[in-house]
Amino acid sequence: MTSRPITPLFRWLAARAAPPAATGGQSYATTTPGNHAGESAFLALAVFSLTATGAIPLTEGITPAMLRWLTVAGLLFLLPHLVMGLVSLLLPRMELNPARRTQAQDWGCLAAMTLYAGGHRFAASGESLACQIWLGFVLGNLPFLLWECYDRDRKTPPSATS
């Protein structure tokens, strides 16, 4: 993951929650402010719950309960890594800049989670709830994402003649 908030909502929250500069003291700007703690926790919980919605039904045929739960635990670890690897393979390497590739991986995984949640939003009760919460989070980020795109298009690059 990147060293800054990924989603527009948490970028907005991190900008609003920035501590005020100390008067009379010297402060040093940094290009990597660190992950927003709320976003990190939420994304970890979302990845865990969305992975569980796939792993638990996938292991219904395993008869010994202990073996089934060990398999579920293994899948909870492996499935997110497999999705991240698959996203990395599917994304074209348009940039030599590793930061751009990392950002594309992050957004690709968020898109994969959204597609999965969209397909399973009407499934069994627990699975449906986790997917609907994720889709609500996506909808909550949509206005901020659209505003960023609008604001980026509105800004004009500086003239080369000035």
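**A nonpolar patch, two buried residues and five helices**

Tutor: Let's begin at the surface: Phe77, Leu78 and Leu82 form a nonpolar patch there, with about 330 Å² of accessible area together. This is a predicted model, where local features need pLDDT of at least 70, side-chain atom pairs count only at pLDDT 80 or more, and totals for chains, interfaces and linings use all residues. Residues are numbered from 1 along each chain as its sequence is written, and side-chain values use heavy atoms, leaving out hydrogens and water.

Student: What makes Phe77, Leu78 and Leu82 a patch?

Tutor: Patches are made of residues with over 30% relative accessible area and no salt bridge; like charges are joined within 9 Å, and nonpolar side chains (Val, Leu, Ile, Met, Phe, Trp, Tyr) within 5 Å. A salt bridge here is a side-chain nitrogen of Lys or Arg within 4 Å of a carboxyl oxygen of Asp or Glu. The areas come from the Shrake-Rupley method with a 1.4 Å probe, and for residues only the protein chains shown count as cover.

Student: Why is Phe77 called exposed?

Tutor: Exposed means over 50% relative accessible area, buried under 20%, and partly exposed in between (1.4 Å probe, protein chains only). Phe77 has 53% relative accessibility, so it counts as exposed. Phe77 is found in helix α3.

Student: And why is Leu50 called buried?

Tutor: Its relative accessible area is 7%, so Leu50 falls on the buried side. Leu50 lies in helix α2 (residues 37-58). Not counting residues up to four places away in sequence, Leu50 touches Met113, Tyr116, Ala117, Ala130, Cys131 and Trp134, where contact means heavy atoms within 4.5 Å.

Student: How do you know that Thr59 is buried?

Tutor: Thr59 has 3% relative accessibility, and therefore counts as buried. Thr59 sits in the loop between α2 and α3. Beyond its neighbours within four places in sequence, Thr59 is in contact with Arg68, Thr71, Val72 and Leu75.

Student: How many helices and strands does the protein have?

Tutor: There are 5 helices and 0 strands. Helices (H or I, at least four residues) and strands (E, at least two) are DSSP runs, numbered from the N terminus.

Student: Where is confidence lowest and where is it highest?

Tutor: Confidence is lowest in helix α1 (residues 8-16), at a mean of 76, and highest in helix α3 (residues 65-90), at 88. That score, pLDDT, is the predictor's confidence in each residue, from 0 to 100. The protein's mean pLDDT is 76, and 72% of its residues reach 70 or more.
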